[in-house]
2 protein chains.
Amino acid sequence: MFFQSAVCHGYAGNRAATFPLQLLGWDVDVLPTVHFSNHLAYGSTHGKVYSSEDVSSLLKGLENDSMGAYDAILTGYIPNENILDIVSEFAIAYKQRHPNTIWLMDPVMGDEGRMYVEDNVRNKYQQLLAMADIITPNAYEAQLLAGFPVEDMKSAKAAINAIHTRYHIPIVVITSFADSDDEEKLRCMASMKIGNSCQPFYFIFDYISGFFTGTGDLFASMLLAKTAHAVGDLFHKITELRSNDIQLSSDDKQRLRQGFESAVGQVLTSMHKVITNTKEYLDAQVSKDPSLLNNQFLLNNARELRIIQSQQEIQSYECSLPLYYADPEGVEEGLKGC
Amino acid sequence: MFFQSAVCHGYAGNRAATFPLQLLGWDVDVLPTVHFSNHLAYGSTHGKVYSSEDVSSLLKGLENDSMGAYDAILTGYIPNENILDIVSEFAIAYKQRHPNTIWLMDPVMGDEGRMYVEDNVRNKYQQLLAMADIITPNAYEAQLLAGFPVEDMKSAKAAINAIHTRYHIPIVVITSFADSDDEEKLRCMASMKIGNSCQPFYFIFDYISGFFTGTGDLFASMLLAKTAHAVGDLFHKITELRSNDIQLSSDDKQRLRQGFESAVGQVLTSMHKVITNTKEYLDAQVSKDPSLLNNQFLLNNARELRIIQSQQEIQSYECSLPLYYADPEGVEEGLKGC
């Protein structure tokens, strides 16, 4: 079950997330929070934000439990507090009836210092976080949740610890932040907290220059599918990890940790390929017709994620990046292939 | 570009059509005409029909030709005359600017004697048909368009001829009608008219008992993709076939005809497998829990098309059915593998 923005054209919101999950074998129910003709970066967009009544009405049809239990609820871009209220009430009530349903909350608020939701959405997310099982903020969103800038290894690790401790979320993934050692790289840091114990890990990957929309939505959807694939029958145990009294053998804990570490690496590997395909397509279009660069519409169109054309890359469970652990002082401790 | 109904849950309208086309490599823009929580057969449905303003607003965002030309426009379930007006104005204007864009019109009006659109939608379709390149009525819709019942080979062939002649549509496919020789079979009859010449052909396939929603939407979307695949560079020539002065070598005409014949057979082969998978799943669910049969909601849920689980079957370009030609008197003339 998805709650995300919808567009007719291009790949952002649930348009970036639904197809990959379906390709990976998931039946996905989709509830739009907005319905736009195209995403906002085009400069010209038509359509509308759904009213609270629109969302409530659609939800009424879905709360019939005869539909079958959802393995997961994924929430993404929700532009205003009213709709976030309705969506979160649904998710919380649903999880009460089905405690094993995983809530992956992508707390979409902004990027690179710019907010793109109403101010009070941030406070609302802070109240809701304790109900989430997995969150996937970018560096700016992690900063909004942790209360301090996330800009390097040390602050990323501190933010993960703060979010784990303050909100009791089992899985935190900061999808990307700058690599202070190398400007051409980015890092992704993630952590699974089992009871009181966690060991943040990270990956270093190439920065691909350019502005691509929908990457966060694609990341979140692939993280669900690849984690489920990697940890198998333990997937729904993620909902129990916040308990101090967790019923898991140490073997299962290790399978869960290693599966999750591998899944994050797989997602980054797939993401890198999808963005590379997109960048190559964009460059080819620009070299064919350099006037693209002066037309915001054409340019945005040429850099829509090549999701449909990257099916193999999305379906792959390969991880081509080495995995690093962050030690308690925030310095690199070990290195291991995933 | 799609104009179809949208549902959050299950597979009907563009939910049944979008994923298959994406899987077959198409970038699809989707514009909903209704947004419901689930399809109508469930007995309980929430959501709403889009207003004319909603549809117009979204279209405004898409009529920027910078988006790139659409290979095809597919129109499906459009419940009322106002929205049909807006959608058809867009399609007609778009085809004036891009004459090579194919309009596949699925004139969704009803099935088995029951209408599920407003009455005046039928008149509107009759006015619009002359602008379509491909239409895919079921037997009841073919009857509404031709003016007489379509219930056997002879009447199907007469209906195809009447529709070709009256509305000048290059491709007509009657997706299914009863086989008067064998109650356990259905037939699909199709025809491509090139200039003044056509030779209707048909396939015979097993009737799978049960009521499945979204089959027409799945048929129409696969027909687009498999025809494009089978006829390759000649795909857009379909828009020129109604001209008496068509610029095509006889070799190309033959490639186009044979490709189309093969595509219809491929679609029926894939459809049969998807419905078989669905039926097997449904039967397994019912034998696990016979009380399903008394719960309309659960039952509808269990018979949602297994589209996500049938990716291989949808992607296959195999045709496992023999092709038959109908002779001018409506009796079988020849038999040939496709």
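**Exercise 1.** In this predicted model, determine whether Asp85(A) is buried, partly exposed or exposed, and describe the salt bridge that joins Asp85(A) to Lys124(A).

*Solution.*
Step 1. The relative accessible area of Asp85(A) is 23%, so this residue is partly exposed.
Step 2. Lys124(A), with a relative accessible area of 13%, is buried.
Step 3. A distance of 2.8 Å, N to O, is found in the salt bridge between the side chains of Lys124(A) and Asp85(A).
Step 4. This pair links distant parts of the chain, 39 residues apart: Asp85(A) belongs to helix α3 (residues 81-97) of chain A, and Lys124(A) to helix α4 (residues 119-128) of chain A.

**Exercise 2.** State which parts of chain B are tied together by the pair Arg242(B) and Asp133(B).

*Solution.*
Step 1. The side chains of these two residues form a salt bridge at 3.3 Å, N to O.
Step 2. Arg242(B) lies in the loop between α7 (215-231) and α8 (250-288), and Asp133(B) in the loop between α4 (119-128) and β8 (134-135), so parts 109 residues apart in sequence are tied together.
Step 3. Arg242(B) is partly exposed at 30% relative accessibility, whereas Asp133(B) is buried at 0%.

**Exercise 3.** Explain what separates Lys279(B) and Asp283(B) within helix α8 of chain B.

*Solution.*
Step 1. The two side chains meet in a salt bridge of 3.8 Å, N to O.
Step 2. Because the residues are four apart in helix α8 of chain B, about one helical turn separates Lys279(B) from Asp283(B).
Step 3. Lys279(B) is partly exposed at 22% relative accessibility, and Asp283(B) is partly exposed at 39%.

Notes: Residues are numbered from 1 along each chain as its sequence is written. Chains are lettered from A and ligands numbered from 1 in the order in which they are written. This is a predicted model: local features need pLDDT of at least 70, side-chain atom pairs count only at pLDDT 80 or more; totals for chains, interfaces and linings use all residues. Side-chain values use heavy atoms; hydrogens and water are left out. A salt bridge is a side-chain nitrogen of Lys or Arg within 4 Å of a carboxyl oxygen of Asp or Glu. Helices (H or I, at least four residues) and strands (E, at least two) are DSSP runs, numbered from the N terminus. Buried means under 20% relative accessible area, exposed over 50%, partly exposed in between (1.4 Å probe, protein chains only).
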